[in-house]
Amino acid sequence: MIYKSTPIYTFLFVFPPASYGAFFDKDIHLLTIQNGLADNTVNCIYKDWDGFMWFGSENGISRYDGKNIRNFGKEKIYLSISEITEISDYCMGIVANYFLSCFNRKTETFIPIVNAADSSAVRALHLLSAENDFLWVLTDKKLILYKQTEIYDKRGRVASIVLRMEKEYTYLLEEDGERFSVFLLFFG
């Protein structure tokens, strides 16, 4: 008896009846290069505080407002965007070509992010914005907590972001060199 009813329970668990039409009731839009997307290969998607959808692709970033797409990139520089997240009121943290950069949403320009210790570019695989202007950055071998400081120009616009290392965790790889996963929990 148990074996005869198991397939029915499995079917109802895997495919609950209430969800059949829920997916198709949503308004779905297919976005491609033909619609204006920077590239058909999308590596990451982020929805910002203003409701814009941001797509990181092999050819820069695209902003979608529900109707129109606007593309941003650096001239003559190949930008493969692998991660997007907000790091301040105006700045989107961007991981491009394994380096951290910033896109100023207000001026619609890319802004450099540099290490306070030596003014070098900041290498990154992943990033996570934390409270009070802190930023977690994961590299191939380290997890680093940075304090970010925005540097303003004479017109009061953010000209660059300087990161000062607060904590660094190394030896995150296992002995055999396999990659690892890190889960960070922030408690308010």
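This passage describes the fold of one protein chain, then two of its strand pairings and two of its loops.

The model is predicted. The chain holds two helices and 12 strands. Both helices come at the N-terminal end of the order, and the strands follow them. Of the 188 residues, 33% count as buried. The chain exposes about 12900 Å². Carbon and sulfur atoms supply 56% of that area. Among contacts with a separation of 6 or more, 42% join residues 24 or more positions apart.

Four strands form an open sheet in the order S1-S2-S3-S4. The pairing in this sheet is antiparallel. S1 (42-47) and S4 stand at the edges. Each has a single partner strand, so one side of each lacks a neighbour in the sheet. From one strand to the next, the twist averages 20°. At one edge of the sheet, S1 pairs with S2 (residues 53-57) in the antiparallel sense. Five bridges support this assignment. Within the S1 and S2 region, Ile-45 stands opposite Phe-55, a residue of S2.

A second antiparallel pairing involves S9 (residues 126-129) and S10 (residues 134-138). Here the strands are paired over four bridges. Ser-129 stands opposite Leu-135 of S10. The two strands form a hairpin with four residues between them. In this hairpin, Asn-132 takes a positive phi near 55°.

Two loop positions were examined next. Thr-32 lies between helix H2 (22-25) and S1. Its relative accessibility is 16%. Thr-32 therefore counts as buried, since the cut-off for that class is under 20%. The side chain of Thr-32 makes a polar contact of 2.8 Å with the side chain of Gln-34. Leaving aside residues up to four places away in sequence, Thr-32 touches Leu-37 and Asn-40.

Ile-77 occupies another loop, the one between S4 (69-72) and S5 (81-86). Its relative accessible area is 46%. Ile-77 is therefore partly exposed, because that class lies between the 20% limit for buried and the 50% limit for exposed. Ile-77 and Gly-60 are 17 residues apart in sequence. In space, their C-alpha atoms are 9.4 Å apart.

The two loop residues thus fall into separate classes: Thr-32 is buried, whereas Ile-77 is partly exposed. Each loop adjoins an edge strand of the open sheet: the loop of Thr-32 leads to S1, and that of Ile-77 follows S4.

Key: Residues are numbered from 1 along each chain as its sequence is written. This is a predicted model: local features need pLDDT of at least 70, side-chain atom pairs count only at pLDDT 80 or more; totals for chains, interfaces and linings use all residues. Side-chain values use heavy atoms; hydrogens and water are left out. Buried means under 20% relative accessible area, exposed over 50%, partly exposed in between (1.4 Å probe, protein chains only). Two strands pair if DSSP finds at least two bridges between them. Axes are lines fitted to C-alpha atoms, for helices over the stretch in contact, and angles run from 0 to 180 degrees between N-to-C directions. A polar contact is a pair of N or O atoms within 3.5 Å; within protein, one must be able to donate a hydrogen and the other to accept it, and residues adjacent in sequence count only if both atoms are side-chain atoms. Contact means heavy atoms within 4.5 Å. Accessible areas come from the Shrake-Rupley method with a 1.4 Å probe; for residues, only the protein chains shown count as cover.
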